[in-house]
Structures are given as structure tokens and as C-alpha cells.
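Grab a coffee and open your viewer. Here are a few exercises to work through, each with its solution spelled out.

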Amino acid sequence: MEKVALIFLSIGVVFNFLGTVALYRFPDVYTRLHGTTKCTTFGSIFTSAAVVVFSLDMYFRTGEGRFTTLTVHVIIAILALLISNATGAHAIARAAHRSGVLPKYAVVDRLAEDHRKKGGVSA
Amino acid sequence: MMITYFAWAAMITGICALVMVGRLVAGPTIPDRIVALDSINTMVVALMILLSLVYDSVVMVDVAIVYAALSFVGTMFIARHLEGGV
């Protein structure tokens with residue numbers, strides 16, 4: 001059980017670090033959003049899963065009630081993280097496109113053309 | 001023994017969150033800064049969950065849940081403001 005928790009912890013820390021690297025190495029907003037949001041969400045879920053596995057192990061070993069409380073609360077935090085990160089990244093990408101920020105090597109903007117053709121909200 | 005590994009992971013996560021502040025300061029456009037802020041919030045939530053195990057206090061996880069919800073509201077509000085809604 002401890003080895004499983006350690007493997008989860010390692011995966012999570014590595015992905016958090018990769019998210020930090022992605023924030024610095026990518027050229028524009030959309031690629032940064034892509035790399036960073038996915039990596040930090042994945043890494044945070046895995047470090048939290050390590051906490052869940054470790055506290056379940058401690059509960060089965062010692063039988064103290066506070067470890068089940070910790071497990072349930074961490075699972076709730078993981079669910080909140082899942083929902084809020086995906087929605088927030090979508091909102092950021094939409095706001096970036098509507099405020100006129102284009103990708104760095106972009107030649108055409110098909111989304112804005114589509115909006116203009118439909119007569120809806122222009123980008 | 002195992003707690004030590006969790007403390008090391010919390011330290012690395014905190015250092016990553018500190019390094020992200022550089023993009024928050026030097027981002028060329030405003031959406032860059034929002035991306036950095038959102039990532040910092042995620043890292044702080046992960047850091048709080050790890051530290052709740054290290055310092056053996058369940059209250060920190062509750063703080064992390066509320067922090068995640070509030071950071072979500074903040075991100076959505078800045079995004080709406082940027083696209084001209086608010």
C-alpha cells in the first residue's frame with residue numbers, strides 16, 4: 001500500500017513540475033493553457049490520490065476515525081478540483097479568443113470567420 | 001517515514017507554485033496572467049491537501065475545498081470581464 005502511495009506521489013509531483021515547465025516554454029496563451037491546465041490537474045489529482053491511499057492504509061492499520069474523515073474530505077476536494085479546473089480553462093480560452101489574442105503562428109482564424117458568417121457574436 | 005516523502009512532495013509543489021509567479025508578473029498579455037493565476041491556485045490546493053497529511057489536521061482540507069471554489073469564482077469573473085461581459 002505504501003508503494004502505491006509513493007508511486008502516485010511521484011507521478012503527481014512529476015506532472016506538476018511538467019506543468020510549471022509548460023508555462024514557461026510554450027509560445028502563446030493557448031498552448032500554455034493546454035499544457036499547464038492539463039498537467040497541473042492531473043498532477044494534483046494524483047498527489048491527492050496518494051493522500052487518499054495513504055490515509056486508507058493508516059485507517060486499516062490503526063483503526064482511527066480521523067483517517068476516514070481525511071479520505072472523504074480529500075475525495076470531495078478532488079471532485080471540486082475536477083469540475084472547477086476544466087470549466088475555468090474553457091472560460092479562459094473563450095475570453096482570450098474574444099479579447100482578440102491570437103495564437104503566435106496563426107495564419108487564419110476560422111472561429112472568427114464562422115462567427116461572422118453566422119452573424120452571431122464577433123470575436 | 002512515509003510522512004517525509006509527503007513533506008518533500010509538498011516542498012516541490014510549493015516551489016513550483018512560487019516559480020509560476022514569474023509568468024504572472026512577466027506575462028505578455030492578460031490571458032497569460034490568468035492562466036498563471038489559475039495554475040497557482042491549483043497548485044496551492046494540492047499543497048494544502050499534502051500539508052494536511054504532513055501536519056495531521058483535517059481542517060486544512062476544508063480550507064482547500066473552499067479555496068478551490070473561490071478561485072473558480074475568481075477565474076470565471078476575470079474571464080467574463082475580459083470578454084466584455086461585466
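What follows is a set of four exercises on this predicted model.

**Exercise 1. Describe the contact between chain B and chain A: how many residues take part, and how much area is buried?**

Start with the head count: chain B puts in 42 residues and chain A puts in 43. Next, the area. Together the two chains bury about 3800 Å², and 76% of that sits on carbon and sulfur atoms. Now look at the polar side of things. Nine residue pairs are in polar contact between chain B and chain A, counting pairs with both residues at pLDDT 80 or more. Then ask which elements of chain B do the touching: α1 (2-26), α2 (30-54) and α3 (59-82) each give two or more residues to the side that meets chain A. Of these, α2(B) supplies the largest share, with 15 residues. Finally, sort that side of chain B by class, and you get 28 nonpolar, seven polar and seven charged residues.

**Exercise 2. Find out how many salt bridges cross the interface, and check B:D56 with A:R66 against the rule.**

The rule gives four salt bridges between chain B and chain A. For the pair in question, take the N to O distance between the side chains, which is 2.7 Å. The cut-off is 4 Å, from a Lys or Arg side-chain nitrogen to an Asp or Glu carboxyl oxygen. So B:D56 and A:R66 do form a salt bridge.

**Exercise 3. A:D28 is buried; work out what surrounds it and where its nearest opposite charge is.**

First, place the residue: A:D28 is in the loop between α1 (2-25) and α2 (29-62) of chain A. Second, list its contacts, skipping residues up to four places away in sequence: A:L102, A:P103, A:K104 and, from the other chain, B:D32. Third, look for a charge partner. The nearest side chain of opposite charge is A:R32, 6.6 Å away, and A:D28 has no salt bridge.

**Exercise 4. Decide for A:V52 and A:Y105: buried or exposed?**

Take A:V52, which lies in helix α2 of chain A. Its relative accessible area is 13%, so A:V52 is buried, the limit being under 20%. Leaving out residues up to four places away in sequence, A:V52 touches A:T71, A:V74 and A:I75.

Now A:Y105, in the loop between α3 (66-98) and α4 (110-118) of chain A. Its relative accessibility is 66%, so A:Y105 counts as exposed, with the line drawn at over 50%. For one last distance, go from A:Y105 to A:L81, 24 residues apart along the chain: their C-alpha atoms are separated by 32 Å.

Key:
Residues are numbered from 1 along each chain as its sequence is written. Chains are lettered from A and ligands numbered from 1 in the order in which they are written. This is a predicted model: local features need pLDDT of at least 70, side-chain atom pairs count only at pLDDT 80 or more; totals for chains, interfaces and linings use all residues. Side-chain values use heavy atoms; hydrogens and water are left out. Contact means heavy atoms within 4.5 Å. Buried area is the accessible area (1.4 Å probe) that two parts lose on being put together, summed over both. A polar contact is a pair of N or O atoms within 3.5 Å; within protein, one must be able to donate a hydrogen and the other to accept it, and residues adjacent in sequence count only if both atoms are side-chain atoms. Helices (H or I, at least four residues) and strands (E, at least two) are DSSP runs, numbered from the N terminus. Ala, Val, Leu, Ile, Met, Phe, Trp, Tyr, Cys and Pro count as nonpolar, Asp, Glu, Lys and Arg as charged, and the others, Gly among them, as polar. Buried means under 20% relative accessible area, exposed over 50%, partly exposed in between (1.4 Å probe, protein chains only). Lys and Arg count as positive and Asp and Glu as negative; His and the chain ends are not counted.
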